[in-house]
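Colleague: Got a minute to go through this model with me? Put it up and I'll ask as we go.

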Amino acid sequence: MGVRYEIASFTRFPGMQPFGTYPIHIIVNNGRTTLLGVVDNEADKTVAGMRAREVTGVFGVENELMISSK
């Protein structure tokens with residue numbers, strides 16, 4: 001899941017490679033926000049999407065977070 005997912009994500013957003021090893025990467029383009037990364041469960045994914053929608057100036061959120069399978 002990891003490497004293939006990362007390569008696919010970065011081809012969509014060239015030059016937006018993450019800095020560090022953060023679990024969620026937030027990409028904003030003209031008020032459109034995309035969440036990429038891996039979270040522990042569905043609740044974390046939902047909360048991240050809700051919090052992103054609360055930010056002033058955000059017009060839309062694409063929640064592409066994946067749930068970790070341990």
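Colleague: Of the contacts between residues at least 6 apart in sequence, what share joins residues at least 24 apart?
Modeller: The share is 57%. Contact here means heavy atoms within 4.5 Å.

Colleague: And where do these coordinates come from?
Modeller: This is a predicted model, so local features need pLDDT of at least 70 and side-chain atom pairs count only at pLDDT 80 or more, while totals for chains, interfaces and linings use all residues. Residues are numbered from 1 along each chain as its sequence is written, and side-chain values use heavy atoms, with hydrogens and water left out.

Colleague: Which helices and strands does the chain have, in order?
Modeller: The pattern along the sequence is α-β-β-α-β. That makes two helices and three strands. Both are DSSP runs numbered from the N terminus: helices are H or I with at least four residues, strands are E with at least two.

Colleague: How are the strands arranged in the sheet?
Modeller: The three strands form an open sheet in the order 1-2-3, with mixed pairing. Strand 1 (24–29) and strand 3 (60–67) are the edges, each pairing on one side only. Two strands count as paired if DSSP finds at least two bridges between them. Neighbouring strands are turned by 10° against each other on average, direction ignored.

Colleague: What packs on the sheet?
Modeller: Helix 2 (residues 42–53) does, touching strand 1, strand 2 and strand 3. Its direction makes about 160° with that of strand 3. Axes are lines fitted to C-alpha atoms, for helices over the stretch in contact, and angles run from 0 to 180 degrees between N-to-C directions.

Colleague: Back to strand 1. In which sense does it pair with strand 2?
Modeller: Antiparallel, over six bridges, with strand 2 covering residues 32–39. Ile-26 stands opposite Leu-35, and His-25 stands opposite Leu-36.

Colleague: What about the turn of that hairpin?
Modeller: Two residues lie between the strands. Asn-30 sits in that loop. Its phi is near 55°, a positive value in a residue other than glycine.

Colleague: Is Asn-30 buried or exposed?
Modeller: Asn-30 counts as exposed because its relative accessibility is 71%. The cut-offs are under 20% relative accessible area for buried, over 50% for exposed and partly exposed in between, with a 1.4 Å probe and protein chains only.

Colleague: New topic. Which residues make up the largest nonpolar core?
Modeller: Six residues: Leu-35, Val-39, Ala-48, Ala-52, Val-61 and Leu-65. Strand 2, helix 2 and strand 3 each supply at least two of them. A nonpolar core is a set of buried Ala, Val, Leu, Ile, Met, Phe, Trp, Tyr and Cys residues joined through side-chain atoms within 4.5 Å.

Colleague: Why does Ala-48 count as buried?
Modeller: Because its relative accessibility is 17%. Ala-48 is in helix 2. Leaving aside neighbours within four places in sequence, it contacts Ile-24, Leu-35 and Leu-65. Ile-24 is 24 residues away in sequence, and the C-alpha atoms are 8.9 Å apart.

Colleague: And what does Ala-52 touch?
Modeller: Leu-35, Val-58 and Val-61, not counting residues up to four places away in sequence.

Colleague: Last one. Is Thr-33 buried or exposed?
Modeller: Thr-33 is buried, with a relative accessible area of 4%. It lies in strand 2. Its contacts beyond four places in sequence include Ile-26, Val-58 and Glu-62.
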